[in-house]
Amino acid sequence: MMHPKKQRVHVIGGGVIGLSIAWELVRRGMEVTVLDEGEIGKGASWAGAGILPAAATRPVADPYERLKARSHHLHPVWAEQLRRETGIDTGYRHCGGIHLAMTKAEAATLAGNQYWWHELGIRHEALGARELVEAEPALAAAAEQMVGKAWLHPDESQLRNPRHLKALSLACQQRGVRLLPGRAVHRLDVRAGRVHAVITRDGEQLPTEVACVCAGAWARQFLLDLGFENGLMPIRGQMLLYRCPQPLLSRVVNVGHRYLVPRDDGYLLAGSIEEEVGYHCETTTEAIAQLRQWAESLVPQLRHAELERSWAGLRPGSFDGFPYIGPVPGADGAYVAAGHFRSGLHLSCATAELLADAIEGKPCRIELTPFRVARG
């Protein structure tokens, strides 16, 4: 009895989006190859903090919130599946999060967010200064500085990015995915309205039926080459890692676009800076000093902790805040999943599910039109 030939898929980009799509597709019986110019599982995905913000628990119409809610539901499922397949604990923890305001503007934003949280069914609880210190004693200094109330989100979670990426990479390999690090892709070979091959920078042609562009901020050029203006742009983030003798916090702390993320082994991440500096991915003395001053003003005990390291990453931003997910018009077999900005890890599971459904021609549980390539 002859078995049907497996559909060949080449995924361009070995970050969390690319690896998640590869794992989803290989589990659906496809022949998958992942190519990355650098190392597999590095880049912006590795550089992130691993925050999984609380998501909607009620039916909502907003497609982005639906994407977020579906992914939030899938993360604990994936964490357990990856642990069973690889033996790697990805660091998924249902730890909860604290949201603070240090300015009147931040306080006004949090006050307004209450209505949105209520509409989405996101559990939230107001904390005065005393309740905040009872919940997180290390935030005593922050409690004295905060404006208005703090907010507790019990359903905020976290992952450890390097562990999650390592588990995804191993799970892919164990199921037969070819991982090709150090293999830069130059362009897609599209003829007569269909993808025929992936062409590397060295001129190698890899025949394929499906090509998925998951190259983060670098997906911009691929789409331009295919004739689509797009709003993808690199946004540099910078972060610090402290090593503490014991955990200082039990929950993620969010202040505007900055955060503290405690790990259960005493490590603590502080981030992040947002800068439009093109494709320059390096830390700066000024930004690191700003982060240190901010983190240590919230938690003075950090002044006595060891600063383990600092690093930078390029987040793939988009002009309207929506990622690009779905088929590329006029190029059958070409798909894109990029532009998730700060939420690549959080949205990765549902993005993989949606794109796999699209590739298989199945109805998608979330309408892809708002994420379409041709929106600009």
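**Six-stranded sheet**

I started with the sheet of six strands, which is open and ordered S8-S2-S1-S12-S19-S18. Its pairing is mixed. I note that this is a predicted model.

Which strands stand at the edges, each with a single partner strand? I found S8 (178-180) and S18 (324-327) there, so one side of each is left without a neighbour in the sheet. I then took the average turn between neighbouring strands, direction ignored, and got 15°.

I looked at the S18 edge next. S18 is joined to S19 (residues 334-338) by four bridges, and the two run antiparallel. Within this pair I saw Gly-326 of S18 opposite Val-336 in S19.

I checked what packs on the sheet. Helix H1 (residues 16-27) lies across S1 (8-12), S2 (31-35), S8, S12 (210-213) and S19. H1 runs at about 170° to S2.

**Cores**

I listed the nonpolar cores. The largest has 64 residues. Ile-21, Val-32 and Cys-212 have the most contacts inside it. Which helix gives the most to this core? I found H10 (residues 344-360), with ten residues.

I followed Cys-212 outward, leaving aside its neighbours within four places in sequence. Its contacts include the run Val-9, His-10, Val-11 and Ile-12. Cys-212 also touches Ile-21, Tyr-335, Leu-355 and Ile-359. Another core lies apart, with 31 residues. I noted Leu-127, Leu-248, Val-253 and Leu-268 among them.

**Strand S16**

Leu-268 took me to S16 (residues 267-271). Five of the five residues there are buried, so S16 is largely enclosed by the rest of the structure. I checked the two faces separately. On one side Tyr-267, Leu-269 and Gly-271 are buried, and on the other Leu-268 and Ala-270 are. Both faces are covered.

I then looked up the partners of S16. S13 (residues 233-243) pairs with S16 in the antiparallel sense, over five bridges. Tyr-242 stands opposite Leu-268. S15 (residues 258-262) is also antiparallel to S16, joined by four bridges. There I found Val-261 with Leu-269 as its bridge partner.

S15 and S16 form a hairpin with four residues between the strands. Which residue of the hairpin takes a positive phi? I found Gly-266, near 100°.

**Helix H9**

I tested the length of H9 (residues 285-298). At 1.5 Å a residue, its 14 residues should span 20 Å. The end C-alpha atoms are 20 Å apart, which agrees.

I listed the buried residues of H9. They are Ala-287, Ile-288, Leu-291, Trp-294, Ala-295, Glu-296, Ser-297 and Leu-298. What covers them? I found that the cover includes H6 (140-145), S13, S14 (252-255), S15, S16 and S17 (306-317).

**Three-stranded sheet**

I went on to an open sheet of three strands in the order S9-S10-S11, with antiparallel pairing. S9 (185-191) and S11 (205-207) stand at its edges. Each has a single partner strand, so one side of each is left without a neighbour in the sheet. The twist averages 30° from one strand to the next. I looked closer at S10 (residues 194-200), which is joined to S11 by three bridges. Ala-197 has Pro-207 in S11 as its bridge partner.

**Glu-65**

I looked up one charged side chain in H3 (residues 63-86), that of Glu-65. Is Glu-65 buried or exposed? It is buried, with a relative accessible area of 8%; the cut-off is under 20%. Leaving aside neighbours within four places in sequence, I found Glu-65 in contact with Val-60, Trp-116 and Leu-120.

**Cysteines**

I ran the disulfide count with sulfur atoms required to be within 2.5 Å. It comes to zero. Cys-244 is in no disulfide, and its nearest cysteine sulfur, in Cys-95, is 16 Å away. I also checked burial here: Cys-244 is buried, at 6% relative accessible area.

Why is Cys-281 without a bond? The closest cysteine sulfur to its own is in Cys-214, at 19 Å, which is too far. Cys-281 is partly exposed, with a relative accessible area of 40%.

Methods. Residues are numbered from 1 along each chain as its sequence is written. This is a predicted model: local features need pLDDT of at least 70, side-chain atom pairs count only at pLDDT 80 or more; totals for chains, interfaces and linings use all residues. Side-chain values use heavy atoms; hydrogens and water are left out. A nonpolar core is a set of buried Ala, Val, Leu, Ile, Met, Phe, Trp, Tyr and Cys residues joined through side-chain atoms within 4.5 Å. Buried means under 20% relative accessible area, exposed over 50%, partly exposed in between (1.4 Å probe, protein chains only). Contact means heavy atoms within 4.5 Å. Two strands pair if DSSP finds at least two bridges between them. Axes are lines fitted to C-alpha atoms, for helices over the stretch in contact, and angles run from 0 to 180 degrees between N-to-C directions. The expected span of a helix is 1.5 Å times one less than its number of residues.
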